[in-house]
Amino acid sequence: MKIVAINGSPRKEGNTAALLKAVVEEHKDTDLVYFDLADLKVKDCTSCWYCKTHESCSIKDDMTKIYKAIKECDTLVLASPIYMGAETGIMKSMVDRMYALLSFSDSPGKFEPRLAPGKKAMALFTCGAPNGDTAMGYQKDRYYSIFAMGGFSKAKVYIVGGVNPNANIMEKVEVPKIIEESRRFLRH
Ligand SMILES: Cc1cc2nc3c(=O)[nH]c(=O)nc-3n(C[C@H](O)[C@H](O)[C@H](O)COP(=O)(O)O)c2cc1C
């Protein structure tokens, strides 16, 4: 069971990281690869289309090790705070670069995943708005689509709202249930 956890929050010990770590904690001594994007250099996609004629990205930066980890994992777990209604810029850059994990299909505008089938994916978002979980349904829809396009066979997306910088996410009533469901998702 190989898990890749990627924290897209610039606060490496913030609430998003706390939630992510709680979800993957039981795997930390086994097959967990954990990335803080804040420590990495992941450039923006340059739209060079190299990845559509080659099975890799033309940009050689820290994304190279993320590609390797994603290819080798059973489950990918992304986590990000919501900034201005979406994931952080660094997480968006990383997800854009996952375009290199797709090849063109015979149907125009459709893609074939290059990842091996059977992988699972999860996204965890935190935000300040108390109703973030419902108000940002579009963000859940986006990530379910991104994971489906990437060839992930099962996916889960959660948004925890009402998380301000001085809040402790672990004190939020819905969090124990999210952690338990997420851990079960990772195990099965
Ligand atoms: C630049 C910035 C933009 C934000 N935009 C939103 C937003 O659009 N909606 C929202 O509900 N919360 C927003 N927030 C609040 C964060 O999403 C929230 O506090 C999050 O839990 C922070 O996670 P962290 O502890 O990992 O930093 C924003 C925070 C920052 C710093």
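This is a short tour of the structure, stop by stop, with something to select at each one. Keep in mind that the model is predicted.

**Stop 1: the sheet**

Start by showing the strands. You should find an open sheet of 5 strands, in the order β2-β1-β3-β6-β7, with parallel pairing. Which strands sit at the edges? They are β2 (32-36) and β7 (154-160), each of which pairs on one side only. Now look at how the sheet turns: from one strand to the next, the twist averages 10°.

**Stop 2: strand β1**

Select residues 3-7, which make up β1. How many of the residues of β1 are buried? The count is 5 of 5, so call this strand mostly covered. Colour Ile3, Ala5 and Asn7 in one shade and Val4 and Ile6 in another: the two sets lie on opposite sides of β1, and both faces are covered.

Next, look at what β1 is joined to. On β2 there are 5 bridges, and the two strands run parallel. Click on Val4 and you can find its bridge partner in β2, Val33. Another 5 bridges join β1 to β3, again with the strands parallel. Here, Asn7 stands opposite Ala79.

**Stop 3: strand β3**

Move on to residues 75-81, strand β3. This strand is mostly covered as well, with 7 of its 7 residues buried. Which way do its residues point? Thr75, Val77, Ala79 and Pro81 go one way, while Leu76, Leu78 and Ser80 go the other.

Add β6 (residues 120-126) to your selection, and you have a parallel pair joined by 7 bridges. Two facing pairs are worth labelling: Val77 with Met122, and Ala79 with Leu124.

**Stop 4: helix α1**

Select residues 15-24 to bring up helix α1. The helix lies across β1, β2, β3, β6 and β7, and runs at about 160° to β3. Is α1 mostly covered or mostly uncovered? It is mostly covered, with 8 of its 10 residues buried. Those residues are Asn15, Thr16, Ala17, Ala18, Leu19, Leu20, Val23 and Val24. They pack against β1, β2, β3, β6 and β7, and also against α6 (175-187).

While you have the helix on screen, here is a handy rule: an α-helix has 3.6 residues a turn, so residues three or four places apart point the same way.

Zoom in on Leu20. Leaving out residues up to four places away in sequence, Leu20 touches Ala5, Asn7, Val77, Ala79 and Leu124. You have already met these at the earlier stops.

**Stop 5: the nonpolar core**

In soluble globular proteins, nonpolar side chains tend to be buried together. In this model, the largest nonpolar core has 47 residues, and the members that touch the most others are Val4, Leu19, Leu20, Val77, Met94 and Leu124. Which element gives this core its largest share? That is helix α1, with 6 residues.

**Stop 6: around the ligand**

Now centre the view on the ligand. How many residues surround the ligand? There are 18, and the closest are Ser9, Gly14, Thr16, Pro81 and Cys127. You may recognise Thr16 from the buried residues of α1 and Pro81 from β3. Sorted by type, the shell around the ligand has 8 nonpolar, 9 polar and 1 charged residue.

**Stop 7: Lys120**

Go back to β6 and pick out Lys120, which lies in that strand. Why does Lys120 count as partly exposed? It has 19 C-beta neighbours inside 10 Å, and a residue needs 20 or more to be buried. Beyond its neighbours within four places in sequence, Lys120 is in contact with Asp74, Thr75, Phe152, Ser153, Lys154, Ala155 and Phe185. Try a distance check too: Lys120 and Leu186 are 66 residues apart in sequence, but 8.1 Å apart in space, C-alpha to C-alpha.

**Stop 8: two odd backbones**

Most residues other than glycine have a negative phi. Trp49 breaks that pattern, with a positive phi of about 65°. You will find Trp49 in the loop between β2 and α2 (63-72), where it counts as exposed because it has 11 C-beta neighbours inside 10 Å.

Finish at Met84, which has a positive phi of about 50°. Met84 is in the loop between β3 and α3 (89-97). With 7 other C-beta atoms within 10 Å, Met84 is exposed.

Conventions:
Residues numbered from 1 in each chain as written. Predicted model: local features only at pLDDT ≥ 70, side-chain atom pairs only at ≥ 80, totals over all residues. Core = buried A, V, L, I, M, F, W, Y, C linked by C-beta atoms within 7 Å. Buried ≥ 20, exposed ≤ 12 C-beta atoms within 10 Å, placed from the backbone. Helix = DSSP H or I, 4+ residues; strand = E, 2+ residues; numbered from the N terminus. Contact = placed C-beta atoms within 7 Å. Near = placed C-beta within 6 Å. Nonpolar A, V, L, I, M, F, W, Y, C, P; charged D, E, K, R; others polar. Pairing = 2+ DSSP bridges. Axes fitted to C-alpha atoms, helices over the stretch in contact; angles between N-to-C directions.
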